[in-house]
Amino acid sequence: MDPSQNTMASMGVSGGNGVINPQNDVTSASQDDPKQDLNQVINSIQKTLGLLHQLYLNVSSFNTGLQLPLLQRINSLVLELDNMVKLSEKCHIQVPVEVLNLIDDGKNPDGFTKDIINGCIAKNQITKGKTDSFKGLRKHLLEELDQAFPDEADSFREIRAASAAEAKRLAQAQSSLPNGDMKVKAEP
């Protein structure tokens, strides 16, 4: 057996007279685990890259005596691409178009993530500034209310404290079970 046939046998392909026995990775994994599905797609991509490299080596040193191993590698590549398509149907991953454009432009897609995070930080700072401004306005209005209407300001504070306590009690009641235990949010 020549070295190319050893490689073909390790890929699940028989080298006799161009007959190919593909590996059936799709039927061997029938679990619904998304992470496992993604790992299978990644493994298939890596296998395809290996097949492409082997095909490149065969084509770069091609002579008529190596026609059968070349055809076998082409057939195994087609089968692996078909396997990859079947595996990828189980994976539902959404990639932003901007990331694909960055990759097409030869740029690092991590830049997209960095830009998104920086944008979120900037919006967070703006929102924090607005919140701080409203807190300052509320404090200022309460001081003015104290000076202009001291009795009404005290009754306002009492009403406000009562409503805050009621809101807290309702929130706790919604998150507690009839036996008094607290509900715990399950992590996804």
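Is Asp-146 buried, partly exposed or exposed, and what is its relative accessibility? Asp-146 counts as partly exposed, at 29% relative accessibility. The model is predicted, and a search of the whole structure finds six salt bridges. Among them are the three pairs tabulated here.

| Pair | Closest N to O separation |
|---|---|
| Glu-80 and Lys-47 | 3.4 Å |
| Asp-146 and Arg-157 | 2.9 Å |
| Arg-169 and Glu-166 | 2.6 Å |

**Links between helices**

Asp-146 forms its salt bridge with Arg-157, at 2.9 Å from N to O. This pair links distant parts of the chain: Asp-146 belongs to helix 6 (residues 110–148) and Arg-157 to helix 7 (residues 150–174), 11 residues apart. Arg-157 is partly exposed, with a relative accessible area of 35%.

Glu-80 forms a salt bridge with Lys-47. Here too distant parts of the chain are linked, with Glu-80 in helix 4 (residues 67–88) and Lys-47 in helix 3 (residues 34–60), 33 residues apart. Glu-80 has a relative accessible area of 5% and is therefore buried, the cut-off for that class being under 20%. Lys-47, at 22% relative accessibility, counts as partly exposed.

**A pair within helix 7**

Arg-169 and Glu-166 meet through their side chains in a salt bridge. About one helical turn separates Arg-169 from Glu-166, because they are three residues apart in helix 7. Arg-169 is partly exposed, with a relative accessible area of 45%. Glu-166 is also partly exposed, and its relative accessible area is 36%.

Methods:
Residues numbered from 1 in each chain as written. Predicted model: local features only at pLDDT ≥ 70, side-chain atom pairs only at ≥ 80, totals over all residues. Heavy atoms only, no water. Salt bridge = Lys/Arg side-chain N within 4 Å of Asp/Glu carboxyl O. Helix = DSSP H or I, 4+ residues; strand = E, 2+ residues; numbered from the N terminus. Buried < 20%, exposed > 50% of the residue type's maximum accessible area, 1.4 Å probe, protein only.
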